[in-house]
Amino acid sequence: YRSVYSFEYVGNCGRLVITPLTDRCYVTLTTAIRLFLGGAPAGPAGTGKTETTKDLSRGLGLPCYVFNCSDQMNYQSMADIFRGLAQTGAWGCFDEFNRIPVEVLSVVAGQYGALLDGIKAEADTIIFEEEKINLVRSIGAFITMNPGYAGRTELPENLKALFRGCAMVVPDFAAIIEIELCAEGFLTAKVLSVKFLCLFQLNMELLSKQDHYDWGLRAIKGILRIAGGAKRANPERSELEIMMRSLRDSNVTKFVSADVGIFLGLVSDIFPKMGDATKQADVVMTTAVREVMKAENRLQPEDIFVSKTVDLAELLGIRHCVFVLGAAGSAKSSVWKTLQSAQTHLGIGDGPSQVATLNPKAVTSDDLYGWVHPATKEPYDGIIAKIMRDFKNATGAATNVPKWVILDGDIDAEWIESMNTVMDDNKVLTLVSNERIPLTPSMRLLFEISHLKNGSPATVS
């Protein structure tokens, strides 16, 4: 009964590439369900822990809710989540579970243990937190954890015993790249995947070690998405050229100046005789940026500044979360302000681009994300929650206008990690009151920071 197909509507969404690692994780998690346990995929950032859990739930036709766990969570908010999951039979995927304070986790062990006891007894109703609730026995809880980053706790033993672990370490990049390229319509996927992987491995070995460099699965997925878009937009171009351009143009924007020459040398070695290697900038956007700068008469239209602004526009087209990185005074704010004016000038959307700027380090986590009053149980909005809710609820002409949430301040492992499910493919902000605010297609997150020394690998990827 626990693994009956549930006919939840999935829609025509993307699915995972099944590699031996995915397969092993599926078997481990389904066996965990059979053994009346939860599942606990663990491993470094970008190895597919959350996505594998979501894909398995799609395969079983079950709804799966992803919660970004934070240190603000208490035993009552966890009880509310479990109560909801138990009565609907849905799965819960608790991202970064070991960020919850250890004193809360020991209570959570009792809560989830009560649900598992109900499932073992094949009960239709159980007593949970002193009240009687219905139990749909397809419920499952899955926890994903990153090893030893700042602000993480060790799980108590009584909680560890309720979850079956599965180590996710090195995904099969070659298979993933090849199959994704085939799905995007490339005919020479085998050759291109070898070149792609070779370039990434050389980058890892030969380029300098910067905090913001990421050669993981998320970076690969982004480039494959760009390559697929370029393939459909320019069917007359050779696949080798499309791949080379996608790899070069999407990566070159994030390199420090010392690495640019090495990287371009590697690209020309792996893609020899490619001829025109210059980047093709978006002519319309470049012209608009120059016109705006001339009209506002406050900045000089230097080529580097214009190209950085156009780069940011391209990045925002493929990623919903972008870090603008640089020392103070390196024109980070000027770049996005110019791009905002250029978008309004071009008439993107039905009105002026909207921007909400905030310094996240000036307030506490409760002020940022919201909190629940301990006595009245009434939820109060935080600043980010308020901004995102207002943007999400925009109607009429403001629906399709580009809307940016700009967080201008230093990053640390405490506040930024609560944004993880917003930044990854879930695009959902989970509040302490268990409300979920999704990012609409017109919304983007922009982080203005000087360095990533305090960001965890999960944030960087």
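User: Is Ala331 buried, exposed or partly exposed?
Analyst: Happy to help! This is a predicted model, where local features need pLDDT of at least 70, side-chain atom pairs count only at pLDDT 80 or more, and totals for chains, interfaces and linings use all residues. Residues are numbered from 1 along each chain as its sequence is written, and side-chain values use heavy atoms, with hydrogens and water left out. Buried means under 20% relative accessible area, exposed over 50% and partly exposed in between (1.4 Å probe, protein chains only). Because its relative accessibility is 27%, Ala331 counts as partly exposed.

User: What is phi of Ala331 near?
Analyst: Good one to check, since most residues other than glycine have a negative phi. Ala331 sits in the loop between β8 (321-325) and α13 (332-346); helices (H or I, at least four residues) and strands (E, at least two) are DSSP runs, numbered from the N terminus. Phi of Ala331 is positive, near 70 degrees.

User: Is Glu122 buried or exposed?
Analyst: Glu122 belongs to the loop between α4 and β4, and its phi is also a positive value, near 55 degrees. Because its relative accessible area is 59%, Glu122 is exposed.

User: Which element gives the largest share of the largest nonpolar core?
Analyst: Such a core is a set of buried Ala, Val, Leu, Ile, Met, Phe, Trp, Tyr and Cys residues joined through side-chain atoms within 4.5 Å. This core has 35 residues, and Met78, Phe82, Phe94, Phe97, Leu115 and Leu159 touch the most other members. Elements giving two or more residues include α3 (75-88) and β6 (140-144). The largest share, 8 residues, comes from α4.
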